[in-house]
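Q: I would like to take a close look at one part of this structure, going step by step from the inside outwards. Please keep the explanation connected.

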Amino acid sequence: MAAGKRILVMTGGHRVAIDDFLGAIATICTDRGWVWAHATQPSAQSWLDPAYAGSWDAILMHDIPGLALARGTEPLPIAPAAGVAEALVGLLDAGQGIVVLHHAISAWPAWEGWAEAIGGRFNYCPARLRGQELPSSGYRHATFTVQAADPAHPICDGVTDFMIDDELYFAPVLNDRITPILTHDADMSGALFQDTFDEVSNGSSTGITCADRGADSGIHGGHNLMGWTTTAGISPVAALLMGDGPSTFANPMFRTLLGNALDWASSEGARNAAAARPFA
């Protein structure tokens, strides 16, 4: 296990039990001999620039830039300001390891390229992706079992099946860009999932669900994935979909997975593999 790694943790744009979350990060990094820093959006975005390539071994994103969220108001996608997307693409082209956690897959909904980079997107409002007009995504809370889809992957090292109480997403995944590493056994029937646009816009749910949406385990949602890897530019990217609250942050298996994901994303092996097989 490599020591001395530098981890940047990014939050902002969505509420989080920050003391519990950062407490988990502190424990993970201390146990592994790493150092870490915390940056909050929107100022955190300034780190995502090729000028800072090499400053961090891995960047953990638990934030939602590019989206204005306020309960009782319609979610508002915000396009990246001039130079922001170009800077982030430049960083990915420099081989920056990234871990995307839970609601961070909602980032930059007005920029389709970001969904392609990380392998999916949670839509807080109706949105266009790959030439299709998609409805807002759905969510529900449940207790379920997380399973290693690829037990041999370094992210799954030391991980056995475990139960967790967390938030599930009925949201697009770009299957042709990802390699699954974690699955779950929860019921993904659309009728169980609340429509997020309805919930946020009205301040509470009016009963709209995802019951009428095709669950194709792809761009229309309904998948049983809990984690995957992909390549963006020549950068290794891992996505973990759990991470909603204190009980998850305290879960030993979650901490193992998150530590492993950061270790993998910052590893020479992952960077070399990403450089050898980059996606367009």
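Q: How many residues does the largest nonpolar core have, and which of them have the most contacts inside it?

A: This is a predicted model, and its largest nonpolar core has 81 residues, with I59, L60, W114, L182, M242 and L258 having the most contacts inside it. Helix α6, which covers residues 252-265, gives the most to this core, contributing eight residues. Apart from this core lies another one, of five residues, including A115, L129, L174 and I219.

To look closely at one residue of the main core, take L182: leaving aside its neighbours within four places in sequence, L182 is in contact with a list of residues that includes V146, C156, L225, L240, M242 and L257.

One of these contacts, L240, leads to strand β14, residues 235-240, where six of the six residues are buried, so the strand is largely enclosed by the rest of the structure. Within β14, S235, V237 and A239 point one way while P236, A238 and L240 point the other way, and all are buried.

Strand β14 also has partners in pairing. With strand β6, residues 97-101, β14 pairs in the parallel sense over four bridges, and here L240 is the bridge partner of L101. With strand β13, residues 225-232, β14 runs antiparallel and is joined by six bridges, among which A232 has S235 as its partner. Strands β13 and β14 form a hairpin with two residues between them, and G233 in the turn has a positive phi of about 65 degrees.

Notes. Residues numbered from 1 in each chain as written. Predicted model: local features only at pLDDT ≥ 70, side-chain atom pairs only at ≥ 80, totals over all residues. Heavy atoms only, no water. Core = buried A, V, L, I, M, F, W, Y, C linked by side-chain atoms within 4.5 Å. Buried < 20%, exposed > 50% of the residue type's maximum accessible area, 1.4 Å probe, protein only. Contact = heavy atoms within 4.5 Å. Pairing = 2+ DSSP bridges.
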